[in-house]
Amino acid sequence: MLNATQRFFLSGVLLFGLISPAMAKTLMNIIIDGGQLGGVPMAVLPFSRDARDPLEDIATVIREDLQNSGQFQMTPAAKLRQFPDDEPAVDYGYWRQLGVESLLLGRVQKAQDREYTVYFQLLDVFKNTSNRRLPILSMRFERIKPEDLRRLGHHIADLVFEKLIGVRGVFSTRIAYVSVKQGEKGRLHTLEVADADGHRPKTLYRSPFPLMSPAWSPNGRQIAFVSFEGNRARIQIVDVLKGQVTQVTQYPGINGAPAWSPDGRRLALVLSKEGNPKIYVLDVASKQLRAVTSGTGIDTEPYWMPDGRHLVFTSNRGGKPQIYQVDLDTQKVTRLTFEGVYNARPSVTPDGKRLVMMHQRESAGPFSIAVQTLDSGQVTPLTRASLDDSPSIAPNGMMVLYGSQRANQSVLGAVSLDGRIKLQLPAQEGQVQEPAWSPFLS
Amino acid sequence: MGLQMKRQSKWLKASLLSLVLLLAAGCRHYRGDDMYDDDEGGGVGDVSHFYGEHVTREQEMELLSQDTFYFSYDGYDLAPGDVLAVYAHARKLLKHPGASVRIEGHTDERGSREYNVALGERRAKAVAQILMSKGVPSHQIHVMSYGKEKPVAFGHDESAWKQNRRALIVYESE
């Protein structure tokens, strides 16, 4: 098991090629759906630093991450009056009076040119009744370059989140999505990768033809996607670090909906080379291809169950699109969804217990994102807009990213799996669609 | 009175004769340079096929100018009125064996992206199957689908949706 610092530096190696200048604007707007914001009352204090250093404000990064998770009641920065940067300077009575339970403070110290040491302490205000006690979490990071401060902020937010909520944070993960912009010579489609908060987008692939269905490999190093150069569909893989592209399939007809197996060795995908769109499994190394569904209907959008032995997929074999599961050993198919007239684009939570999908309850009704508990079959809509599509589950199973329409623009939204918290990633230039949440990257 | 009768019957005879000639001509395969007639078999009872034998150059150009075919929601059956235009493209492809077409299927924005790719392919295939039923070899036809990825109308209502539910015949080489 890696410790937190090792994790951070590993992810630094992995993502080195993607780092670009930070965009200094907030991309997330949080909307708490249906009543009050619950969660842990918390304050994140500005990290002390030499005022002459024009550094990224790491505390703001941490505060926004935690705030956007919906799991915290954050004291707004403007309401803060005391700014200790070390535990002995903390006036616990003051914070108790404010109702703050968890307090995060820290320092950014210059070690040498372009290298900083960052400390933080997480304190439980109510546990520390009289005597000074150890912080519930404290850490020091050395040799941090200014351009790595934002990434370190996400990492600290992950650590704090895990300590207080008991679930690993996803603030250091990334999202991939397709952007469509109208240029002078027609539409430009790009495959973008950004931080989980939408900052620091970087283009991995561009094409005058549509791009579709980005899917992260389980180690986060590759993204499979669909492109249409020359009006021919093909599945390609792009290396996230190097940008190198390799072709996987280009059969006549549909080449679509790639999905990596949990072990990263196989791709489930859709081909219509034999007539109808069917699910295939491709062994990436040996190129061996095996059909796993049959029949005259449409089968598409495979997604692996965590066991690596079953796929869920969309099929119209019963008339309308519904979600089915196929056992890869026996090829036995079972239907999973029965509520609603249209269920499609399934994905499964990391624990294998819940299905997230596009859901249309009744004919001509809205398309929303819904979650279905696999044991009970109970379906709960998570969104209420009319044209939501392409749900993608965070690697900790707490949030779902999806594509939505707002004022004639394609935008990205996120919703918690309990439906309580909704986020919008506000307008970027052009259309933004088909988000894919990366796995944990360290 | 008598003269009028005689004139009438003479006119009638002439009209009958021309009708017979017309019908006879219609049953013959015209093999000139401007042959738009498509196949040798000539299915009995296939009205559109019979009709096709009378297509003038102007009518043929008119039919060929239709390269977009619209579909109902979630449907992939070609509208009956569109079949004649597809036949005209079949005749053109048979006449020009070096020509080839791409048939693109498209959908409206409702539903999932990859399912819409599959639905769009069914629309493109509906057109392709008519071409092939007229004897166009499959190597002249490339079927593909963009699903909902290339809309031509951007609204979120039926007036936009119905323009996007379409199949296109695009000549990749003529």
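Chain B has six helices and four strands. From the N terminus on, its elements run α-α-α-β-α-β-α-β-α-β. The model is predicted. Chain A, in turn, has four helices and 30 strands. Contact between the chains involves 19 residues of chain B and 29 residues of chain A.

**Chain B: fold and pairing**

- Of the 174 residues in chain B, 34% are buried.
- Among contacts in chain B with a separation of 6 or more, 73% come from residues 24 or more positions apart.
- Strand β4 (residues 166-173) of chain B pairs with strand β1 (residues 68-70) of chain B. The sense is antiparallel, over three bridges.
- Within that pairing, T68(B) has L168(B) in β4(B) as its bridge partner.
- β4(B) also pairs with strand β2 (residues 100-106) of chain B. This pairing is antiparallel too, and it runs over six bridges.
- In β4(B), A167(B) stands opposite G105(B).

**The interface between the chains**

- The 19 residues of chain B that meet chain A face 29 residues of that partner.
- Two elements of chain B each give two or more residues to this side: α5 (113-133) and β3 (141-147).
- α5(B) gives the most, with six residues.
- By class, the chain B side has eight charged, seven nonpolar and four polar residues.

**The nonpolar core**

- The largest nonpolar core has 137 residues.
- I223(A), V400(A) and V127(B) have the most contacts inside it. The list thus names residues of chain A and of chain B.
- α5(B) gives the most to this core, with nine residues.
- Setting aside residues up to four places away in sequence, V127(B) touches F69(B), L78(B), V86(B), I103(B), A167(B) and I169(B).
- One of these partners, A167(B), is the residue opposite G105(B) in the strand pairing.

**Chain A: overall form**

- The radius of gyration of chain A is 23 Å, and the globule rule gives 22 Å for 442 residues. The two values are close, so chain A is as compact as a globular protein of that length.
- Its C-alpha atoms fill a box of roughly 70 × 45 × 45 Å along the principal axes.
- Buried residues account for 46% of the 442 residues of chain A.
- Among contacts in chain A between residues at least 6 apart in sequence, 46% join residues at least 24 apart.

**Chain A: domains**

- Chain A is divided into domain 1 (41-76 + 86-172) and domain 2 (174-437).
- The domain 1 range is written in two segments, 41-76 and 86-172.
- The centres of the two domains of chain A, taken over C-alpha atoms, are separated by 35 Å.
- Nine residues of domain 1 and 11 residues of domain 2 make the contact.
- On the domain 1 side, helix α2 (residues 58-68) of chain A gives the most, with three residues.
- That side divides into three nonpolar, three polar and three charged residues.

**Chain A: a buried leucine**

- L282(A) lies in strand β16 (residues 278-283) of chain A.
- L282(A) has 21 C-beta neighbours inside 10 Å; the cut-off is 20 or more, so it counts as buried.
- Beyond its neighbours within four places in sequence, L282(A) is in contact with V248(A), R266(A), L267(A), L269(A), K287(A) and L289(A).
- A268(A) is 14 residues away from L282(A) in sequence. In space, C-alpha to C-alpha, they are 6.2 Å apart.

**Chain A: positive phi outside glycine**

- R200(A) is not a glycine, yet it has a positive phi of about 55 degrees.
- R200(A) sits in the loop between β8 (186-195) and β9 (202-207) of chain A.
- R200(A) counts as partly exposed because it has 18 C-beta neighbours inside 10 Å.
- S390(A) also has a positive phi, of about 50 degrees, although it is not a glycine.
- The place of S390(A) is a strand, β26 (residues 389-393) of chain A.
- S390(A) is buried, because 27 other C-beta atoms lie within 10 Å.

Technical notes:
Residues numbered from 1 in each chain as written. Chains lettered and ligands numbered in written order. Predicted model: local features only at pLDDT ≥ 70, side-chain atom pairs only at ≥ 80, totals over all residues. Contact = placed C-beta atoms within 7 Å. Nonpolar A, V, L, I, M, F, W, Y, C, P; charged D, E, K, R; others polar. Core = buried A, V, L, I, M, F, W, Y, C linked by C-beta atoms within 7 Å. Buried ≥ 20, exposed ≤ 12 C-beta atoms within 10 Å, placed from the backbone. Pairing = 2+ DSSP bridges. Domains from an automatic or database assignment. Rg over C-alpha atoms; globule rule 2.2 N^0.38 Å.
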